[in-house]
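Visitor: I've got a fold to look at and a few things to ask about its core. Can you walk me through it?

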Amino acid sequence: MVKQNPRCKNGHKRRKLLARLKAINAPCWICLLPIDAALPAGHPLSMECDELTPVSKGGSPTDLTNVAAAHRCCNNWRRNRGVRFVETMRARVFSLIGSPIDPIAFVDAAKAIERQEEAFPPPSQPTITTDW
């Protein structure tokens, strides 16, 4: 049996949520930059309805308290990572490049930080065991 995407199942509610986010001119919660609501869906800078607690981790795709506006490129970068991860990475990006001038610069800087961490992981703590 094929599992149906809960976002598709609730299309009307999702469209209403997106319309509400557009009406209040909400900025992207990930990069904090404004979103051009006139851009067509699928454009990297278009507005998407992002779940703060991802659906894959039990979040509701239609609960107003669980959604926020995001650029498509920011939302794609975030995937299903938690809010705390995004906030930490945002602070690191801002400390590295200052306030980004566009969402793509933000995503590029975040990806660069991630690549650097993969190349140079922090030293792990030695494991203390009592096995002799």
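Guide: What follows is a short run of questions and answers on the core, the cysteines and one helix.

Guide: This is a predicted model, where local features need pLDDT of at least 70, side-chain atom pairs count only at pLDDT 80 or more, and totals for chains, interfaces and linings use all residues. Residues are numbered from 1 along each chain as its sequence is written, and side-chain values use heavy atoms, with hydrogens and water left out.

Visitor: Which helix gives the most to the largest nonpolar core?
Guide: A nonpolar core here is a set of buried Ala, Val, Leu, Ile, Met, Phe, Trp, Tyr and Cys residues joined through side-chain atoms within 4.5 Å, and the largest one has 26 residues. Helices (H or I, at least four residues) and strands (E, at least two) are DSSP runs numbered from the N terminus. Among the elements that each supply at least two core residues are strand 1 (47-51), helix 4 (83-97) and helix 5 (103-119). The top contributor, with five residues, is helix 5.

Visitor: How many disulfides does the structure hold?
Guide: A disulfide means a pair of cysteine sulfur atoms within 2.5 Å. The sulfur of Cys-74 has its closest cysteine sulfur in Cys-31, 3.8 Å off, so that's too far for a bond. Cys-28 is unpaired as well, with the sulfur of Cys-31 the nearest at 3.8 Å. The count is zero.

Visitor: Is Cys-74 buried or exposed?
Guide: Buried means under 20% relative accessible area, exposed over 50%, and partly exposed in between (1.4 Å probe, protein chains only). Cys-74 has a relative accessibility of 0%, so Cys-74 counts as buried.

Visitor: Within what arc do the buried residues of helix 5 fall?
Guide: The buried set is Pro-103, Phe-106, Val-107, Ala-109, Ala-110, Ile-113 and Glu-114, while Arg-115 and Gln-116 are exposed on the other side. Taking directions from the helix axis to the C-beta atoms, the buried residues line one face of helix 5, because they fall within an arc of 165 degrees.

Visitor: What do those buried residues of helix 5 pack against?
Guide: Contact means heavy atoms within 4.5 Å. Leaving out residues up to four places away in sequence, Phe-106 touches Ile-30, Cys-31, Cys-74, Trp-77, Arg-90, Val-93, Phe-94 and Pro-100. Taken together, the buried residues of helix 5 pack against strand 2, helix 3 and helix 4.

Visitor: And where is Arg-81?
Guide: At 14% relative accessibility, Arg-81 counts as buried. Beyond its neighbours within four places in sequence, Arg-81 is in contact with Pro-54 and Glu-114. Its place is the loop between helix 3 and helix 4.
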